[in-house]
Amino acid sequence: GRVNVSGGHFEAANYSKVAWNCAQIIHVLMFAVDSLPGVGALDNLGIPESGDGISDVLQEAKWEADFLARIQDADGGFYYSVYSLYREYETDVLPENGDPEVVWPKNTACTAAAVAALAQCASSPRFKQAYPQAATNYLAKAKFGWQFLTNAIATHGLDGAYQKIQHFGD
């Protein structure tokens, strides 16, 4: 079926989107908002939402988290990546003018990273204040992803639950 893969940030030098990269972006942005003085108040970074009273850094984290939440499958797992269907790297055209895209299979590594990132947003005091409904939704998605992970381990064992997709480890 179809998966809504809108939003999110692209990888460097190509237009793919990898779930664990998305999760890392969210973590770094949310850590900065919640832990570094002044970052949570930055509302002047030149994005379309600048000047609206909500931290631009927080808004970038939400943009990424919204994408991550969209690539969760009906069983709770998160897809590994969004990738060009016909070539290894699509670098010469924007995605809206390029090849059809596909999602790569779910795995435990991407699901665990997505669970952590969405739970971090859901537990952030600043995020909950700015986006209370999104925080509630992210927590539900994180718990559902956690269930996917515990089911995978119960079914396949800790060593057998991971599906290697690229050369990156679990």
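Which residues in H2 meet which residues in H3? In this predicted model, Ala 65, Leu 68 and Ala 69 are the residues of H2 that meet H3, and their counterparts in H3 are Ala 114, Ala 117, Leu 118 and Cys 121. The axes of H2 and H3 come within 10 Å and cross at roughly 135 degrees. An angle between 115 and 145 degrees falls outside the parallel, perpendicular and antiparallel classes, and H2 and H3 are therefore oblique to each other. The crossing in which H2 passes H3 is left-handed.

Both helices also take part in the largest nonpolar core, whose contributors of two or more residues are helix H1 (19-35), helix H2 (56-70), helix H3 (108-123) and helix H5 (132-156). This core has 38 residues. Within the core, Leu 68, Ile 71, Phe 127 and Tyr 138 have the most contacts. The greatest contribution comes from H1, with eight residues. Leu 68 thus appears in two settings, as a residue of H2 that meets H3 and as one of the residues with the most contacts inside the core.

The surroundings of Ile 71 were examined with neighbours within four places in sequence left aside. On that basis, Ile 71 is in contact with Val 3, Asn 4 and Val 5, with Ala 19, and with Gly 77, Phe 78 and Tyr 79.

The cysteines were considered next. The structure holds zero disulfides. Cys 110 is in no disulfide, and the nearest cysteine sulfur to that of Cys 110 belongs to Cys 22, 8.9 Å away. A disulfide requires cysteine sulfur atoms within 2.5 Å. For Cys 121, the closest cysteine sulfur is likewise in Cys 22, at 12 Å, which is too far for a bond. Cys 110 is buried, with a relative accessible area of 0%, and Cys 121 counts as buried at 0% relative accessibility. Cys 121 is also among the residues of H3 that meet H2.

A contrasting environment is found at Leu 158, which lies in the segment after H5. Because exposure is assigned over 50% relative accessible area, Leu 158, at 62% relative accessibility, counts as exposed. Leu 158 is separated from Tyr 15 by 143 residues in sequence, and the C-alpha to C-alpha distance between Leu 158 and Tyr 15 is 33 Å.

How values were computed: Residues are numbered from 1 along each chain as its sequence is written. This is a predicted model: local features need pLDDT of at least 70, side-chain atom pairs count only at pLDDT 80 or more; totals for chains, interfaces and linings use all residues. Side-chain values use heavy atoms; hydrogens and water are left out. Buried means under 20% relative accessible area, exposed over 50%, partly exposed in between (1.4 Å probe, protein chains only). A nonpolar core is a set of buried Ala, Val, Leu, Ile, Met, Phe, Trp, Tyr and Cys residues joined through side-chain atoms within 4.5 Å. Helices (H or I, at least four residues) and strands (E, at least two) are DSSP runs, numbered from the N terminus. Contact means heavy atoms within 4.5 Å. Axes are lines fitted to C-alpha atoms, for helices over the stretch in contact, and angles run from 0 to 180 degrees between N-to-C directions. Angles under 35 degrees count as roughly parallel, over 145 as roughly antiparallel, 65 to 115 as roughly perpendicular and the rest as oblique. A crossing is left-handed if the near helix is turned anticlockwise from the far one by less than a right angle, and right-handed if clockwise.
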